[in-house]
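Good morning, and thank you for coming. I should like to take you through one protein chain, from its interior outward to a few individual residues. Please look at the display as I speak.

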Amino acid sequence: MINVGVIGYGTIGEDVAEALRGGQAGDAVLSAVLVRDISKYRDRDDLRSVMTEDADDFLSRGLDIVVECAGHHAVSAWGERVLQSGADLIIVSVGAFADDALLARILEAAKASGRKVIVPSAAIGGLDRIAAGSIGPIDEVTLVTRKPPKAWYGTLVEQQVDLAALTEPYLAFEGVARDAAKLFPESVNVSAALSLAGVGLDATKVKVYADPTVTRNTHEIEAKGHFGQIKLQIQNTPSARNPKTGYIVAMSVVKTIRDLTSPFVIGV
């Protein structure tokens with residue numbers, strides 16, 4: 001049985017925690033949840049034994065693996081400490097690695113402590129093929145992301161256009177993945193994951209749309225290289241609690257945890 005800690009208890013963190021408590025993650029148990037303000041959860045008596053706002057307490061609980069579900073700042077604040085404590089680290093907010101210096105520090109901490117940094121597929125598919133194809137080499141990788149207008153409230157896109165008045169797709173961004181990950185930290189982590197699997201953050205081409213014609217968070221991937229070609233469209237059901245993300249993100253994390261103790265692993 002492995003002990004799992006979760007950083008953050010927003011939409012993704014809660015779904016991962018509940019899956020662990022429900023036995024959906026294999027031979028793994030929820031041992032700790034780190035939050036910024038524990039007073040928000042005073043009514044959650046069922047989580048009292050695992051929830052803490054004290055990072056030292058969190059890291060003292062003998063964790064084998066920690067899941068980051070709290071945004072780019074959490075990767076910077078806690079990533080190295082998690083690895084130095086002896087736990088592997090699953091990163092959800094992979095867009096944080098648009099910061100080369102942060103990525104270098106995290107990887108150095110992992111190497112020094114003999115631990116692993118794991119990036120699950122989360123909201124995107126095809127990472128296994130892209131990563132394998134990168135041995136090839138790969139000639140080009142493109143990503144087109146389309147999300148309904150409600151997914152863009154509270155983001156830079158809301159400042160660019162009247163989301164409520166949109167009647168046709170609005171191109172909010174066109175450029176490379178590094179810039180997309182920095183501009184849309186809660187919405188385009190997929191661009192960073194795709195880039196790190198393939199041709200890098202400065203060579204992966206990205207377009208981002210606020211699109212009233214779609215009801216799901218949609219990602220279209222195309223890659224060409226020595227391996228051949230891949231064209232893939234993914235349509236994720238947005239979370240009812242946070243339309244910026246989809247249910248599949250937590251599911252992917254849970255599958256990753258389950259694989260750690262399973263005698264049979266598929267889809268890597």
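Let us begin with the largest nonpolar core, which has 85 residues; L20, V67 and I257 are the members that touch the most others in it. Where does this core lie with respect to domain 1 and domain 2? Both domains give residues to the core, so it lies between them. As background, nonpolar side chains in soluble globular proteins tend to be buried together. I should add at once that the model before you is predicted.

V67 is a useful residue to select on the screen. Leaving aside neighbours within four places in sequence, V67 is in contact with V4, G5, V6, I7, I90, V92, V253 and I257. I257 is thus a contact of V67, and both are among the residues that touch the most other core members.

Now to the domains themselves. The assignment gives domain 1 as 2–123 + 247–260, and domain 2 as 127–235. Their C-alpha centres lie 25 Å apart. Across the boundary, 13 residues of domain 1 are in contact with 13 residues of domain 2.

Stepping back to the whole chain, its secondary structure comes to nine helices and 11 strands. The radius of gyration is 18 Å, close to the 18 Å given by the globule rule for 268 residues, so the chain is as compact as a globular protein of that length. Along the principal axes, the C-alpha trace spans about 50 × 45 × 35 Å. Of the 268 residues, 49% count as buried. Among contacts between residues at least 6 apart in sequence, 69% join residues at least 24 apart.

I turn next to the database record. An unreviewed UniProt entry places the feature "domain: Aspartate dehydrogenase" at residues 167–254. That span is 27% helix and 35% strand, and its end C-alpha atoms lie 37 Å apart.

Which residue does the unreviewed UniProt entry list for "active site"? The record lists H219. In the model, H219 lies in strand β10, residues 217–225. Is H219 buried or exposed? H219 has a relative accessible area of 1%, and because buried means under 20%, H219 counts as buried. The side chain of H219 makes a polar contact with the side chain of T145, at 2.9 Å. Not counting residues up to four places away in sequence, H219 touches ten residues I shall not read in full, including A123, K147, V190 and N236.

A second buried residue is S195, with a relative accessibility of 1%. S195 is placed in helix α8, residues 189–197. The side chains of S195 and T204 make a polar contact at 3.1 Å. With neighbours within four places in sequence left aside, the contacts of S195 are A177, G200, L201 and T204.

Finally, consider G86, in the loop between α3 (72–84) and β5 (88–91). At 31% relative accessibility, G86 counts as partly exposed. Beyond residues up to four places away in sequence, G86 touches L63 and R115. How far apart in space are G86 and T155? From C-alpha to C-alpha they are 36 Å apart, with their positions 69 residues apart in sequence.

To close, I return to the core: it lies between domain 1 and domain 2 because both give residues to it. Thank you for your attention.

Methods. Residues are numbered from 1 along each chain as its sequence is written. This is a predicted model: local features need pLDDT of at least 70, side-chain atom pairs count only at pLDDT 80 or more; totals for chains, interfaces and linings use all residues. Side-chain values use heavy atoms; hydrogens and water are left out. UniProt positions are given in the numbering used here, feature names are shortened, and annotations may be inferred rather than shown by experiment. Helices (H or I, at least four residues) and strands (E, at least two) are DSSP runs, numbered from the N terminus. Buried means under 20% relative accessible area, exposed over 50%, partly exposed in between (1.4 Å probe, protein chains only). A polar contact is a pair of N or O atoms within 3.5 Å; within protein, one must be able to donate a hydrogen and the other to accept it, and residues adjacent in sequence count only if both atoms are side-chain atoms. Contact means heavy atoms within 4.5 Å. A nonpolar core is a set of buried Ala, Val, Leu, Ile, Met, Phe, Trp, Tyr and Cys residues joined through side-chain atoms within 4.5 Å. Domain bounds come from an automatic or database domain assignment. The radius of gyration is taken over C-alpha atoms; the globule rule is 2.2 Å times the number of residues to the power 0.38.
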